[in-house]
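Trainee: I have just opened this structure and would like to learn how to read it. Could you walk me through a few features?

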Amino acid sequence: MDAAEPKQLIQALHDAGIGPLERAVVEQILAHGAECLPLLFGILHSDVDDAVLSRALALIGELGDGDGLAKAFAFFGESEEQEDAVTESAEWAARRISRRLPAESLEVMTELAVDADIGLLSDICKTLAAMPRVDGRAECLLSLTKRLTDLENEYDEALLAVSLVITAMFIDGPRGELVNTVRAKAEPHIDKQSHKDIKTVEQELLKEPHNPDEEEIDVYTLVCEGFDEEPTGPIVREEPKIGRNDPCPCGSGKKFKKCHGA
């Protein structure tokens, strides 16, 4: 396609709907990243179809910095059952930014963890576990152990404890020194069932070691291919977490994304 203005390129995301998007459009967006990135951020705060949102998140992963990483966390799913094209793109974006800008990403995650809720802390652990072998990962994870005694309830503290130990296994191997260090701090918060869960992960990693340097799908695969159907609503981090297509808790009768979620 001929050269287009940034607004025209972003409009092409809207016009594509759930259908495929021309690779040339993506190439031009990436080539004009400085001009297109603010417009992509704007999509995250707009009432748009989730196919557009999914593509915007993937492009932010390819173009964004620490601010893009923080924004991507807001669209992570709470569980595997809630994962869809939007949450997949959000998690891919976080991993992509952390791979491109590891030092900046670690700094952002350390800062976010200071007052993050258990959902965001879990998302940070997930991203740390997927990062390549770079300096600073262990230090960032250890900084999260400070939150083990100041979350809202014992259940959240127990969940964080398990997440920290498992993340340490992904970073340093299932029986690495980092695991011993983190486990010593987390042990008071780990119950009997959690010990079993940790043991299961340990055995799986011993059989098939984690390779954080393994290549992932590229941005063109996420953005250019069409969707079988419109993705369901993503998870937007609020207190409490509310899906974009859920009724707004204010009682207006509108969907959250068309009310306070806007």
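Mentor: Let's begin with the surface: in this predicted model, the accessible surface of the protein comes to about 13000 Å², and carbon and sulfur atoms hold 49% of that area.

Trainee: How many of the residues count as buried, and which helices and strands should I look for?

Mentor: Of the 262 residues, 49% count as buried. You can look for 13 helices and two strands.

Trainee: How do I read a helix such as α10, and what span should its residues have?

Mentor: A helix rises by a set amount per residue, so at 1.5 Å a residue the 19 residues of α10 (residues 154–172) should span 27 Å. The C-alpha atoms at its ends are 27 Å apart, which agrees. At the start of α10, a side-chain oxygen of Asn 153 comes to within 3.1 Å of the backbone nitrogen of Tyr 155. After α10 comes Gly 173, with a positive phi near 90 degrees.

Trainee: Is α10 enclosed by the rest of the structure or open, and why?

Mentor: Here we count buried residues: 14 of the 19 in α10 are buried, so the helix is largely enclosed by the rest of the structure.

Trainee: Now a single residue: is Ile 97 buried or exposed?

Mentor: Buried means under 20% relative accessible area. Ile 97, which lies in helix α6 (residues 85–100), has a value of 0%, so it is buried.

Trainee: What does Ile 97 touch?

Mentor: Leaving out residues up to four places away in sequence, its contacts include Ile 60, Gly 64, Leu 69 and Pro 102. Ile 60 is 37 residues from Ile 97 in sequence, with 8.5 Å between their C-alpha atoms.

Technical notes. Residues numbered from 1 in each chain as written. Predicted model: local features only at pLDDT ≥ 70, side-chain atom pairs only at ≥ 80, totals over all residues. Heavy atoms only, no water. Helix = DSSP H or I, 4+ residues; strand = E, 2+ residues; numbered from the N terminus. Expected span 1.5 Å × (residues − 1). Buried < 20%, exposed > 50% of the residue type's maximum accessible area, 1.4 Å probe, protein only. Polar contact = N/O pair within 3.5 Å; in protein donor to acceptor, adjacent residues only side chain to side chain. Contact = heavy atoms within 4.5 Å. Areas by Shrake-Rupley, 256 points an atom, 1.4 Å probe, with all protein chains shown as cover.
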